[in-house]
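Me: Please take a close look at the salt bridges in this structure, with attention to the helix that carries several of them. I would like the pairs described one by one, followed by some notes on other parts of the chain.

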Amino acid sequence: IAGLGTGSVSVALSSFASILSGCPAAGRLLRSHPKWSADLRVPHYRDGVRAVLDREVDLGFTELVEASENDALATELVGQHLARFFCRPDHPILARREIGWQDLLAFPWATTRLPARVGALLGNRTVRAGKIDEATRDFVPAIQLEVPMQIASFALGTDALVIAGYGLLEPELRAGAIVAVPMGDLGFRAAYGFIWLRHRSRSPATLAYIDAVREEERAFAKREAELSVRYGPRVRRGARAHRER
């Protein structure tokens, strides 16, 4: 990075990856290298993989499930954050003694479209949370957001459950407008990272961006840990931390 003067990079990012570290990393680089430039796109993750294969972008920073099965692509896992559910403080789900999958599925979810590996966890059921896309097997939430910048607003005054990290909801958590749903680790995690053509060399500008993303991811993980201590609820004794079948 020290020798980076001018240069540009084009990146296809998934929604949450763009918010958590993808766009902040671009800002970090621009502050230290004013002549650096970027083309940051936020397509569906499958379109992002295709953009890398078709050389429309230099790099993908998105869900890895499809790319990892393609021998033409190299991948690096970056983000594997625990997905957490949040709701308004007087949400009816909080009155339940134990909270598991069945309880979560009984309310509308507000989040991005979730990949097929998540849909497989939920089964082929029609639920209030959303539905399975028959063509792709993706899970389509009841409230589908392309870029969840204002995701907290969907929990205010509604029965929707929003899926996010503490860092995206910090102002609402601080104000007491949103709380974390008290439950154990259901194994519901992100799995996004870098995607590039295996036999295509990466430019200095691209490598600088990758390093900046790693720095942002480390900072986000540290902040998430701090906020989870401050705002994370204690899981009630006997709460179901396993997936209900």
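Reply: What follows goes through the salt bridges around helix α6 and then turns to other parts of the chain. The model is a predicted one.

The number of salt bridges comes to 20. In general, side chains of opposite charge can pair when their charged atoms come close.

Arg 223 is a good place to start. Its salt bridge with Glu 170 has the closest N and O atoms 2.3 Å apart. This pair links distant parts of the chain, since Arg 223 belongs to helix α6 (residues 204-231) and Glu 170 to helix α5 (residues 170-175), with the two positions 53 residues apart. The two partners fall into separate exposure classes: Arg 223 is partly exposed at 29% relative accessibility, while Glu 170 is buried at 13%. Glu 170 counts as buried because its value is under the 20% cut-off.

Arg 223 also forms a salt bridge with Glu 226, and here the closest N and O atoms are 3.2 Å apart. Both of these residues lie in helix α6, three residues apart, or about one turn of the helix. Glu 226 is partly exposed, with a relative accessible area of 36%. Elsewhere, salt bridges that share partners join Arg 46, Glu 66, Arg 113, Asp 133 and Asp 138 into one network.

A further pair in helix α6 is Asp 211 with Arg 214, whose closest N and O atoms are 2.9 Å apart. Asp 211 and Arg 214 are three residues apart in that helix, about one turn. Asp 211 is partly exposed at 34% relative accessible area, and Arg 214 is partly exposed at 28%.

Next, helix α1. This helix covers residues 15-32, which is 18 residues, and reaches 25 Å from its first C-alpha to its last, close to the 26 Å expected at 1.5 Å a residue. Helix α1 bends by about 40° at Ser 21, and Pro 24 follows within four residues. Ser 21 is itself among the buried residues of α1, as are Phe 16, Ile 19, Leu 20, Gly 22 and Leu 29. Cys 23, by contrast, is partly exposed, with a relative accessible area of 39%.

Cysteines can be taken up at this point. The structure holds zero disulfides. Cys 87 is buried, at 0% relative accessibility.

On the surface, Val 42, Val 147 and Met 149 make a nonpolar patch of about 250 Å². Val 42 sits in the loop between β2 (36-41) and α2 (45-53). With 34% relative accessibility, Val 42 is partly exposed. Val 42 therefore passes the accessibility cut-off for such a patch, which is over 30%.

One more loop residue is Ala 191, found between β11 (179-180) and β12 (192-197). Ala 191 is buried, at 17% relative accessibility. The C-alpha atoms of Ala 191 and Arg 55 are separated by 23 Å, with the two residues 136 apart along the chain.

To return to the request: Arg 223 has a salt bridge with Glu 170 and another with Glu 226, and Asp 211 pairs with Arg 214 within helix α6.

Note on methods: Residues are numbered from 1 along each chain as its sequence is written. This is a predicted model: local features need pLDDT of at least 70, side-chain atom pairs count only at pLDDT 80 or more; totals for chains, interfaces and linings use all residues. Side-chain values use heavy atoms; hydrogens and water are left out. A disulfide is a pair of cysteine sulfur atoms within 2.5 Å. Buried means under 20% relative accessible area, exposed over 50%, partly exposed in between (1.4 Å probe, protein chains only). Patches are made of residues with over 30% relative accessible area and no salt bridge: like charges are joined within 9 Å, nonpolar side chains (Val, Leu, Ile, Met, Phe, Trp, Tyr) within 5 Å. Accessible areas come from the Shrake-Rupley method with a 1.4 Å probe; for residues, only the protein chains shown count as cover. A salt bridge is a side-chain nitrogen of Lys or Arg within 4 Å of a carboxyl oxygen of Asp or Glu. The expected span of a helix is 1.5 Å times one less than its number of residues. The bend at a residue is the angle between axes fitted to the seven residues ending there and the seven starting there.
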